[in-house]
Amino acid sequence: MLSPIQVLCSDITTLSLEPEPFASYTEADIISTVEFNHTGELLATGDKGGRVVIFQREPESQTEPFSQGEYNVYSTFQSHEPEFDYLKSLEIEEKINKIRWLPQQNAAHFLLSTNDKTVKLWKVSERDKRPEGYNLKDEEGRIKDLSTVTSLQVPVLKPVDLMVEVSPRRVFANAHTYHINSISVNSDYETYMSADDLRINLWHLDITDRSFNIVDIKPANMEDLTEVITAAEFHPHHCNLFVYSSSKGTLRLCDMREAALCDKHSKLFEEPEDPSAHSFFSEIISSVSDVKFSHSGRYLLTRDYLTAKVWDLNMESKPLETYQVHDYLRSKLCSLYENDCIFDKFECAWNGSDSVIMTGAYNNFFRMFDRNTKRDVTLEASRESSKPRAVLKPRRVCAAGGKRRKDDISVDSLDFTKKILHTAWHPTENIIAIAATNNLYIFQDKLSSEMH
């Protein structure tokens, strides 16, 4: 039986994306976050224009077997608008930084979305029936003259075309001085946390006017500031545990049972720096841009500029595994610093069984690493690979001056404006979503059903 990474290398097929990538696009069209819901039936994207687009997976079709599992647009709505803070003379962008789904409890779906300052809770529901036959209202909704009502009738529900309604249920505002970079729903499904550069707040989903500050790393004198919070996430099973990463490359695991303010961490995960490898860029490239708990809760996956690392919660001294994402860029750090690419924040993702990890790179490339076989592959989200049932071919980047094979790409010809920052993996199946600038690519492993 083929291992997942072998199948992913040779047999990923495109399910759906926009028919033709836009020849030109605006800044507002750039996708800024991608997130599957807990069943994988819905997929949400947010963009820099403050819009949220929800895709729904189509049921299997007996007549069109190749269309099964396609994701089509389910709903689109404006989540955030641009604002202006008059006290600080500061513009607040509408860009959606993160989306997080709540587990489905009834027929409706709920999701959290946030920009730099405000978190909103949205309800997504369907309506395919409409009541008709009111006693006191006519068909237009106007109140009838009561003198004309001579008999009572029982209202009935009449079927209508399916309508998807999205309504804001809660607005959690005015709790962050700095830009929100993370939100995470707790496993108790009653609380969630929001993290900015220096503080992490704990919210109850039903209470909008107050939150509890659980981490505060702001120094008394801002001139003493040496690090900022870059990402935070709750443990998937233990509601008292959460982790946050820093710009110094460290991870802090905190236990809310120990103290109300978790300034003192329970565990500190940090890899000692090799003095011989120290350079001007060392601190910048060691900054952790994303952290994700494994589905089992045993491991942590982190992404810094050049590597992805897997940490065991029981071993703080060094990562369990280190994967080189694009080590060929080490010779390019100076030019990447000059064009600000060195500050790009790449995300990372686990597959459903925690056996394969995925993260993005430049030139619309994304990388996958099989933790069991130690195989890795570079794949490209491109117009050529977007044709229905197209097969993704592995790509290879060779360092400057190195030997090139026929299909190899030189590091000097990489397009650094095309970057895969945001990726997501279906919670149970080998389906991945890749955000490439203003286009969403969804790929599926054809043999996933045979493998599991």
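## Exposure and the position of E70

A residue counts as buried when its relative accessible area is under 20%, as exposed when that area is over 50%, and as partly exposed in between. In this predicted model, E70 has a relative accessibility of 24% and is therefore partly exposed. E70 belongs to the loop that runs between β4 (51–57) and β5 (71–78). Although E70 and Q444 are 374 residues apart along the chain, their C-alpha atoms are separated by 9.6 Å.

## Nonpolar cores

The largest nonpolar core is made up of 30 residues, and Y305, L329, L336 and L414 are those with the most contacts inside it. At least two residues of this core come from each of β21 (299–303), β22 (307–312), α3 (333–338), β24 (348–350) and β26 (365–370). A second core, separate from this one and consisting of 16 residues, has M358, M368, A381 and L392 among its members.

For L414, once the neighbours within four places in sequence are left aside, the residues in contact are Y328, L329, N363, F365, V397 and I409. Y305, also named among the residues with the most contacts inside the largest core, has a relative accessible area of 2%, which is under the 20% limit, and so Y305 is buried.

## Two open sheets

Strands of a sheet pair through backbone hydrogen bonds, and the pairing can be parallel or antiparallel. One open sheet here consists of four strands in the order β12-β13-β14-β15, with antiparallel pairing. Its edge strands, each of which pairs on one side only, are β12 (182–185) and β15 (212–216), and from one strand to the next the twist averages 20 degrees. Between β12 and strand β13 (residues 191–195), which run antiparallel, there are four bridges; S184 has M193 as its bridge partner in β13.

Another open sheet, again of four strands with antiparallel pairing, follows the order β24-β25-β26-β27. Here β24 and β27 (376–380) are the edge strands, each pairing on one side only, and neighbouring strands are turned against each other by 20 degrees on average when direction is ignored. Strand β25 (residues 356–360) is joined to β26 by five bridges, the two strands running antiparallel, and V356 has its bridge partner in β26 at D370.

## Aromatic pairs and a charge over a ring

A pair of aromatic rings is described by the distance of the centres together with the angle of the planes. The structure holds 19 aromatic pairs. In one of them, the rings of Y192 and W203 have centres 6.2 Å apart and planes at 5 degrees, and because planes under 30 degrees apart count as stacked, this pair is stacked. The pair links distant parts of the chain, with Y192 in strand β13 and W203, 11 residues apart from it, in strand β14 (residues 199–204); both residues are buried.

The rings of Y305 and F346 have their centres 6.3 Å apart and their planes at 55 degrees, so this pair is tilted. It too links distant parts of the chain, since Y305 lies in the loop between β21 and β22, whereas F346 lies in the loop between α3 and β24, 41 residues apart. F346 has a relative accessibility of 0% and therefore counts as buried.

One aromatic cluster is formed by F280, F281, Y337 and F343. Y299 takes part in an arrangement with a charged residue: the charged end of R371 sits over the ring of Y299, at 4.7 Å from the ring centre.

Methods: Residues numbered from 1 in each chain as written. Predicted model: local features only at pLDDT ≥ 70, side-chain atom pairs only at ≥ 80, totals over all residues. Heavy atoms only, no water. Core = buried A, V, L, I, M, F, W, Y, C linked by side-chain atoms within 4.5 Å. Buried < 20%, exposed > 50% of the residue type's maximum accessible area, 1.4 Å probe, protein only. Contact = heavy atoms within 4.5 Å. Pairing = 2+ DSSP bridges. Axes fitted to C-alpha atoms, helices over the stretch in contact; angles between N-to-C directions. Phe/Tyr/Trp six-rings, centres within 6.5 Å; stacked < 30°, edge-to-face > 60°. Lys NZ or Arg CZ within 6 Å of the ring centre and 35° of its normal.
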